[in-house]
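These are my notebook entries on a single structure. I looked up its strands, its internal space and a few chosen residues in turn.

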Amino acid sequence: LSMYISTESGVRINGVSSVAIADQTAANGVVHVVDAVIGLPTVVTFATADPTFETLVAALTREDQPDFVGTLSTPNGTSPAPFTVFAPTNDAFADLLDELSLGSLDDIDTATLTATLNYHVIAEANVRADDLVSGPVTTLGGDIEIDADNGTITDANGRVINIIVTDVQAANGVVHVVSRVILPLL
C-alpha cells in the first residue's frame with residue numbers, strides 16, 4: 001500500500017497522523033511514534049491528504065453531487081470496489097476552466113460535473129499500470145480509450161490525457177494521476 005507523507009509542518013501521514021517522536025533507534029531499525037492510528041488508506045485518502053487534489057475534492061464534495069466520497073470509500077470486496085481512479089490535479093482543473101472559458105468549478109452545471117467525475121473511475125477493478133491494456137475501457141461514465149504503450153487516455157472529445165503518476169495503491173483500489181480532466185462528449 002502507498003502512503004502520502006507531508007513534511008510541510010512536521011511529518012503528517014495520509015492526512016490523519018503526525019509524527020510525535022521521531023528517530024527512536026531500535027536494534028533492527030528506527031521507530032517514529034505517531035499521534036494517531038494510521039488506517040488502511042482508501043482511494044479517497046490520497047485525494048484528501050494531498051493538496052494537489054484540492055479541486056478534485058471540491059468537485060467530488062460539491063453539494064449538488066452524488067455521494068462520491070462514500071462510494072469511493074467502499075471497502076475492497078464490497079461492490080463496487082475495488083476502483084481504478086484517474087485523478088486530475090489542480091492544474092488539470094485550472095486548464096479545463098481555461099479551455100471551457102469558465103471562471104470557476106461552480107460554473108460547471110450539475111449534470112456535466114457528475115458525468116465528468118464518473119469518467120475518472122473504473123469500478124470493480126484494481127488496474128495497475130503494468131496491467132493497463134490498449135483499447136476501450138468502460139468507466140462509470142462511459143468508454144475511454146487507453147493507449148497503454150504511451151500512457152495516455154483519449155476521451156470522447158478526442159482530447160489526449162497523459163497518465164503522469166501511476167500505481168498509488170490503496171486498500172480499495174489504485175490511483176493514477178492524470179494531466180487533464182477527462183470529459184464526456186460535449
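**Entry 1: the hairpin of β2 and β3**

Which residue takes a positive phi in the hairpin of β2 and β3? Before answering, I note that the model is a predicted one. I found that Asn 14 takes a positive phi near 55° in this hairpin, where three residues lie between the strands.

I then looked up how the two strands are joined. Strand β2 (residues 12-13) and strand β3 (residues 17-26) run antiparallel and are linked by two bridges. Arg 12 has Ser 18 of β3 as its bridge partner, and Ile 13 stands opposite Ser 17 in β3.

**Entry 2: from β3 to β4**

I followed β3 onward to strand β4 (residues 29-34). These two strands also run antiparallel, and I recorded five bridges between them. Gln 24 is paired with Val 31, its bridge partner in β4. The connection from β3 to β4 is a hairpin of two residues.

**Entry 3: the sheet as a whole**

I next asked in what order the strands of the open sheet lie. The order is β1-β2-β3-β4, four strands with antiparallel pairing. The edge strands are β1 (5-6) and β4, since each of them pairs on one side only. As a general reminder to myself, strands of a sheet pair through backbone hydrogen bonds, either parallel or antiparallel.

**Entry 4: internal space**

How many cavities of 30 Å³ or more does a search of the whole structure find? The search finds one. I noted about 160 Å³ of space in the largest cavity. Its lining has 16 residues, and Ala 47, Leu 56, Leu 60, Val 85 and Ala 87 lie nearest the centre. The elements that give two or more residues to this lining are α1 (43-49), α2 (54-60) and β5 (83-88). I also looked up the character of the lining: 15 residues are nonpolar, one is polar and none is charged.

**Entry 5: Thr 74**

I located Thr 74 in the loop between α3 (68-72) and β5. Is this residue, Thr 74, buried or exposed? Its relative accessible area is 11%, and because the cut-off for buried is under 20%, Thr 74 counts as buried. A polar atom of the Thr 74 side chain lies 2.5 Å from the backbone oxygen of Thr 71. Leaving aside residues up to four places away in sequence, I listed Ser 79, Pro 80, Ala 81, Phe 83 and Asn 172 as the residues that Thr 74 touches.

**Entry 6: helix α5**

I turned to helix α5 (residues 110-118) and asked which of its residues are buried. They are Leu 113, Thr 114, Thr 116, Leu 117 and Asn 118. The cover over these buried residues includes α2, α3 and β6 (121-123). At the N-terminal end of α5, Asp 109 acts as a cap, with a side-chain oxygen 3.2 Å from the backbone nitrogen of Ala 111.

**Entry 7: Asn 118**

I kept Asn 118 for a separate entry; its place is in helix α5. Asn 118 has a relative accessible area of 18% and is therefore buried, the cut-off being under 20%. What does Asn 118 touch, not counting residues up to four places away in sequence? I recorded Phe 68, Thr 139, Leu 140 and Gly 141. I also compared positions in sequence and in space: Asn 118 and Leu 183 are 65 residues apart in sequence, while their C-alpha atoms are 9.4 Å apart.

Definitions and conventions
Residues are numbered from 1 along each chain as its sequence is written. This is a predicted model: local features need pLDDT of at least 70, side-chain atom pairs count only at pLDDT 80 or more; totals for chains, interfaces and linings use all residues. Side-chain values use heavy atoms; hydrogens and water are left out. Two strands pair if DSSP finds at least two bridges between them. On a 1 Å grid over the protein atoms alone, a cavity is a set of points where a 1.4 Å probe fits but cannot get out, and a pocket is an open set with protein on both sides within 12 Å along at least five of seven lines; lining residues have an atom within 4 Å of a point. Grid points are joined across faces, edges and corners, and a volume is the space filled by probe spheres set on the points. Ala, Val, Leu, Ile, Met, Phe, Trp, Tyr, Cys and Pro count as nonpolar, Asp, Glu, Lys and Arg as charged, and the others, Gly among them, as polar. Buried means under 20% relative accessible area, exposed over 50%, partly exposed in between (1.4 Å probe, protein chains only). A polar contact is a pair of N or O atoms within 3.5 Å; within protein, one must be able to donate a hydrogen and the other to accept it, and residues adjacent in sequence count only if both atoms are side-chain atoms. Contact means heavy atoms within 4.5 Å.
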